[in-house]
Amino acid sequence: MKVFKGVFPYVLTAGMMVMQSCGEMPPEPEHKAVVKVISKGEPCWFYCDKDGDSLVDFRLNISWINECFSDKNIHVGDTLVFNAFPEDLTARNVRINEYGLKSVNNRLIKEIRQAHELKKLRNMAAQEKVK
């Protein structure tokens, strides 16, 4: 009985922790914002307006910005749709990865990447003809 009394509280506590970790995480909220200013420094920050008052509400860093998305596809005035925590982004620095950004001006990221790859392929083909 002593062993039962000594072990039971630990088993009960561990079971409760496991039950909480098995729960489903809530989905990340989807946000829509307009780019107002783009910083050219390292890393690249997009200062965004969420509520349409033409004032910057938060800044966004996309951690996988590369040649495909440098200055060619995201400009001032573009609408970004992305998923990120927390629900209220006001006065925050938000970092997202490549899976967080959903679209730029209602154009899916997958479409933008395909267009970029197609452009690279066409440029390579034109260079081969010149040689």
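How much area does the protein expose, and what share of it do carbon and sulfur atoms supply? The protein exposes about 9,600 Å², and 57% of that comes from carbon and sulfur atoms. Keep in mind as you look around that this is a predicted model.

## The overall layout

Let's start with the big pieces. The protein has two helices and seven strands. Walk along the sequence and you meet them in the pattern α-β-β-β-β-β-β-β-α, with a helix at the start and another at the end.

Of the 131 residues in the protein, 27% are buried. As for contacts between residues at least 6 apart in sequence, 55% of them join residues at least 24 apart.

## The sheet

The seven strands form an open sheet with mixed pairing. Their order across the sheet is 5-3-2-1-4-6-7. Strand 5 (93–96) and strand 7 (107–108) stand at the edges; each has a single partner strand, so one side of each has no neighbour in the sheet.

Strand 3 is a good place to zoom in. This strand covers residues 58–62, and four of its five residues are buried, so the rest of the structure largely encloses it. On one hand, strand 3 runs parallel to strand 5, joined to it by four bridges. Here I62 stands opposite I96 in strand 5, while N61 has R95 of strand 5 as its bridge partner. On the other hand, strand 3 pairs with strand 2 (residues 45–49) in the antiparallel sense, again over four bridges. In that pairing, F46 stands opposite L60 in strand 3.

Now move to strand 4, where you'll find N83. Is N83 buried or exposed? It has a relative accessible area of 15%, which is under the 20% cut-off, so N83 counts as buried. What does N83 touch, leaving aside its neighbours within four places in sequence? The list is E28, P29, E30, I96, G100 and K102. I96 is a name you've already met: it's the strand 5 residue opposite I62.

## Unusual spots in the backbone

A few loops deserve a closer look. Most residues other than glycine have a negative phi, and most peptide bonds are trans.

Two residues here go the other way on phi. S54 has a positive phi near 65° without being a glycine, and N106, also not a glycine, has a positive phi of about 60°. S54 belongs to the loop between strand 2 and strand 3, and N106 to the loop between strand 6 (101–104) and strand 7. S54 is exposed, since its relative accessibility is 52% and the cut-off is over 50%. N106 is exposed too, at 70%.

There's also a cis peptide bond, between F85 and P86, with omega about -5°. You can find P86 in the loop between strand 4 (79–83) and strand 5.

## Helix 2

Helix 2 spans residues 109–130, and L118 is found in it. L118 is partly exposed, at 38% relative accessibility. Together with L121 and M124, L118 makes a nonpolar surface patch of about 290 Å².

Charged residues have their place in this helix as well. Side chains of opposite charge can pair when their charged atoms come close. How many salt bridges are there? The count comes to one. K120 forms it with E117, and their closest N and O atoms are 3.9 Å apart. K120 and E117 both sit in helix 2, three residues apart, which is about one turn of the helix. Each partner is partly exposed: K120 at 34% relative accessibility, E117 at 44%.

## Cysteines

How many disulfides does a search of the whole structure find? It finds zero. Among the cysteines, C44 is buried at 16% relative accessibility, and C48 is buried at 0%.

## Residues at a glance

Here are some of the residues from this tour, with their relative accessibility.

| Residue | Relative accessibility | Class |
|---|---|---|
| C48 | 0% | buried |
| N83 | 15% | buried |
| C44 | 16% | buried |
| K120 | 34% | partly exposed |
| L118 | 38% | partly exposed |
| E117 | 44% | partly exposed |
| S54 | 52% | exposed |
| N106 | 70% | exposed |

Conventions:
Residues are numbered from 1 along each chain as its sequence is written. This is a predicted model: local features need pLDDT of at least 70, side-chain atom pairs count only at pLDDT 80 or more; totals for chains, interfaces and linings use all residues. Side-chain values use heavy atoms; hydrogens and water are left out. A disulfide is a pair of cysteine sulfur atoms within 2.5 Å. Buried means under 20% relative accessible area, exposed over 50%, partly exposed in between (1.4 Å probe, protein chains only). Two strands pair if DSSP finds at least two bridges between them. Patches are made of residues with over 30% relative accessible area and no salt bridge: like charges are joined within 9 Å, nonpolar side chains (Val, Leu, Ile, Met, Phe, Trp, Tyr) within 5 Å. Accessible areas come from the Shrake-Rupley method with a 1.4 Å probe; for residues, only the protein chains shown count as cover. A salt bridge is a side-chain nitrogen of Lys or Arg within 4 Å of a carboxyl oxygen of Asp or Glu. Contact means heavy atoms within 4.5 Å.
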